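Here are some short exercises to try with the model open on your screen. Have a go at each task before you read its solution.

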Amino acid sequence: MTTPDFAARPQLAEDVARIVRGRIFDGTYAAGTYVRLDQLAAGLGISVTPVREALFELKAEGLLEQQPRRGFVVRPVTVRDITDVSDVQAHIGGELAARAAAGISDSQLQELTRIQDDLEVAYATDDGERASRLNHDFHRAINVAADSPKLAQLMSQITRYAPESVFPTIDGWPDQSNAHHRRLLDALASRDESLARSAMSEHLAAGAAPLIEHLTRRGVIG
């Protein structure tokens, strides 16, 4: 397990939370595993303060449970967890896409298209890390175009429970996701609010089943 380079990262707690979240969803930290504050800090080469903040954040997300005098333990990830998050994402994401269609500028649409072009290259070259980042950028750009900061903030909080880094590794998902994104781009280009809403909702809902299957095979979902 490699040690991340935190030298240029000011948001240490967020970085630690992302790392631990990733380890939960890739099966490194199985349900029932104790995440030791001191051990994690030493392994990452940082102080315990941002690690403690990160673990409390993950507790608030429902991924960890704090036990008196024993520390933090990984909670089970369930099928209901994944479907609940997917359903809420689909609803809020659909509304954000509809609002984006109503007000997106030509320059914003061009930037979205560029991101999608780059995303398809990342998928084609099996660059999962870059694909995850570009996919995040694609959805964030739509949320920005929606000009609804509170709704976008809610979406951001929910999305933390959806392991974005896992999706590029799911068989068949990159091609399916690319097709969904292209349909969404067409809806945005035509300023069709209804089509944008349904395209985004269907895209986000469609990820639940393959994600559940993938996490079950990895032993994350028991």
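Before you count anything, note that helices (H or I, at least four residues) and strands (E, at least two) are DSSP runs, numbered from the N terminus. Residues are numbered from 1 along each chain as its sequence is written. You're looking at a predicted model, where local features need pLDDT of at least 70, side-chain atom pairs count only at pLDDT 80 or more, and totals for chains, interfaces and linings use all residues, while side-chain values use heavy atoms and leave out hydrogens and water.

**Exercise 1. Work out how many helices and strands the chain has, and in what order they come.**

Start with the count: the chain has 10 helices and 3 strands. Then walk along the sequence, and you'll meet them as α-β-α-α-β-β-α-α-α-α-α-α-α.

**Exercise 2. Check the radius of gyration of the chain against the globule rule.**

First, the rule: take 2.2 Å times the number of residues to the power 0.38, with the radius of gyration taken over C-alpha atoms. For 222 residues, a compact globule would come out near 17 Å; the chain has 18 Å, so the two agree. Next, look at the box: along the principal axes, the C-alpha atoms fill roughly 55 × 35 × 35 Å. Finally, look at contacts (heavy atoms within 4.5 Å). Among those with a separation of 6 or more, 72% join residues 24 or more positions apart.

**Exercise 3. Find what share of the residues is buried, and describe the exposed area of the chain.**

Buried means under 20% relative accessible area, exposed means over 50%, and partly exposed is in between (1.4 Å probe, protein chains only). By that yardstick, 44% of the 222 residues are buried. As for the area, the chain exposes about 11500 Å², and carbon and sulfur atoms supply 49% of that. These areas come from the Shrake-Rupley method with a 1.4 Å probe; for residues, only the protein chains shown count as cover.

**Exercise 4. Say which residue pairs with D106, and what that pair ties together.**

Side chains of opposite charge can pair when their charged atoms come close. The cut-off for a salt bridge is a side-chain nitrogen of Lys or Arg within 4 Å of a carboxyl oxygen of Asp or Glu. The structure holds 12 of these. In one of them, D106 pairs with R191, with the closest N and O atoms 3.0 Å apart. D106 sits in helix α5 (residues 106-124) and R191 in the loop between α8 (173-189) and α9 (193-206), so the pair ties together parts 85 residues apart in sequence. D106 is exposed at 52% relative accessibility, while R191 is partly exposed at 32%.

**Exercise 5. Now try helix α5: where are the partners of E111 and D117?**

Take E111 first. Its salt bridge is with R114, and the closest N and O atoms are 2.6 Å apart. Both E111 and R114 lie in helix α5, 3 residues apart, which is about one turn of the helix. E111 is partly exposed at 34%, and R114 is partly exposed at 39%.

Now D117: it bridges to R182, with closest N and O atoms 2.6 Å apart. R182 belongs to helix α8 and D117 to helix α5, so this pair ties together parts 65 residues apart in sequence. R182 is partly exposed at 30%, and D117 is partly exposed at 37%. Elsewhere, salt bridges that share partners join R21, E57 and E61 into one network.
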